[in-house]
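Please look through the following points with the structure open beside you. They concern the aromatic side chains and the charges that lie over some of them.

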Amino acid sequence: MKTLDVVLGLQWGDEGKGKIVDVLAERYPVVARFQGGPNAGHSIHFGNTSFVLHSVPSGVFRDGSINIIGNGVVLDPTIFREECQAIEALGVPVRERVKIARRAHLIVPTHKLLDAADEAALGKSKIGSTLKGIGPAYSDKTGRNGLRVGDLLEADFREKFETLKRKHAARLAQYDFKAPFDPEAAEKQWLADAEYLKTFEIIDAEYETNALLAADKAILAEGAQGSMLDVDFGSYPFVTSSSTACAGACTGLGVAPGHIGKVYGVFKAYCTRVGSGPFPTELGDDTGERMRQRGREFGATTGRPRRTGWLDIPALKFAVMISGVTDLIMMKADVLDGFDTVKVCCEYRVNGIRTDRVPYDVYAEIEPVYKEFKGWSGDLGSCRSEAELPAEFKAYIAYIEQEVGVPIRILSLGPDRDQTLIRC
Ligand code: IMO
Ligand code: MG
């Protein structure tokens, strides 16, 4: 019996999960997404090309891989079709490699309208949503109004679709709001794309995942977003609408907790956040701008510039705690090459009191308490072994391991597959 190993983002998303899943997929015949939807943007680079995945698991570029879109995911048929056609254009047999859970919920065009209307109504306190319809689709799921992939195969699908549309229209009528796209054209396209989706293998994913594990096929669960955006543990209400922590992999795939093996926690050597909400170590200065430019920190889904700041250890320890992370993976350390000083937030001062706990109050005044490290010179991206790493960088990562209490097993030192140091 093999285990379900999980890759999670430990920060506010965009940690580099796509690259790591693509690298690890060599060891995992099966990759599965378990939550989130096309709000995710998982970038993969090979040679001179790069590709951004939104709904399809990042194992898809590996020969012979099985990629499951689990029941915990919300799927937009239009984005899915566009993505699959772009993958197919690279010569990848996407239809052979991707399977979709019957129980996964569908994002319909009116979910996107509701998302935009909700955000517009919030004004200054908006969440900064990607406007992909995620919140409204999950609301319909837990409110027991949702449409599922399995419904597409039923004779009364159109009726169910119209019923949901009427409910959404009644809500939309309460807003004074202009649709950001033509709803009729979007619906027509959506219905055509739903037919396209039906040509993929639609499965009882919970049976399939458990059968694969029993047949000694290891599964890698690919998290989307990050722990600090978790609907329960993130900076609510500035969060996404799903469980981004490890437990979400169990409910999002129908696999019991006892089958979980490794929990890989992915974090960047610094922090970014896109959208609103607290970000204690945020830098609004030239150093922050330098991180943004060097790290190309612009949204893969929305193109928005990401907020940037130093590494936040209390937040990292919190994320490790709620998910039981066994292996840390540090991304993009090369972005900090050439900085004179590298800072790490080791504690907060919340309303004047020192603490290492993430506060409940998202409007609390949080002042980071920093530890400073001497920066390193040279180019981390060209290091291919532990021995080549600069001493200052080694001191920096040793401190993080000691504070968090989990070893950094993988160091990613650049976007390419071969710029990855496995330190087992
Ligand atoms: P990946 O998987 C970074 C953020 C949005 C917003 C909040 C809610 O690429 O790491 P939503 O669209 O879910 O209603 O937005 O969550 N957000 C992300 N930030 N990376 C992501 O995904 C994100 N998905 C959502 O910016 O603040
Ligand atoms: Mg992203």
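1. A place to begin, in what is a predicted model, is K112, which lies over the face of F181 at 5.6 Å from the ring centre. A further example of a charge over a ring is R290, which is placed over the face of F339, at 4.2 Å from the ring centre.

2. Turning to rings that pair with one another, the count comes to 17 aromatic pairs. One of these is formed by W12 and F279, whose ring centres are 5.2 Å apart and whose planes stand at 45 degrees, so the pair is tilted. This pair links distant parts of the chain, 267 residues apart: W12 belongs to the loop between β1 (4-9) and α1 (17-24), while F279 belongs to the loop between β12 (271-273) and α10 (286-294). Both W12 and F279 are buried.

3. W376 and F393 make an aromatic pair that is edge-to-face, with 5.0 Å from centre to centre and 65 degrees between the planes. Because W376 is found in the loop between β18 (366-374) and α12 (391-404) and F393 in helix α12, the pair ties together parts that are 17 residues apart in sequence.

4. Are W376 and F393 buried or exposed? W376 has 2% relative accessibility and therefore counts as buried, the cut-off being under 20%. F393, at 0% relative accessibility, counts as buried too.

5. The surroundings of this pair deserve a look as well, since W376 and F393 belong to one aromatic cluster together with F373, Y396 and Y399.

Notes: Residues are numbered from 1 along each chain as its sequence is written. Chains are lettered from A and ligands numbered from 1 in the order in which they are written. This is a predicted model: local features need pLDDT of at least 70, side-chain atom pairs count only at pLDDT 80 or more; totals for chains, interfaces and linings use all residues. Side-chain values use heavy atoms; hydrogens and water are left out. Rings of Phe, Tyr and Trp (its six-membered ring) pair if their centres lie within 6.5 Å; planes under 30 degrees apart count as stacked, over 60 as edge-to-face and the rest as tilted. Helices (H or I, at least four residues) and strands (E, at least two) are DSSP runs, numbered from the N terminus. Buried means under 20% relative accessible area, exposed over 50%, partly exposed in between (1.4 Å probe, protein chains only). A charge sits over a ring if NZ of Lys or CZ of Arg is within 6 Å of the ring centre and within 35 degrees of the ring normal.
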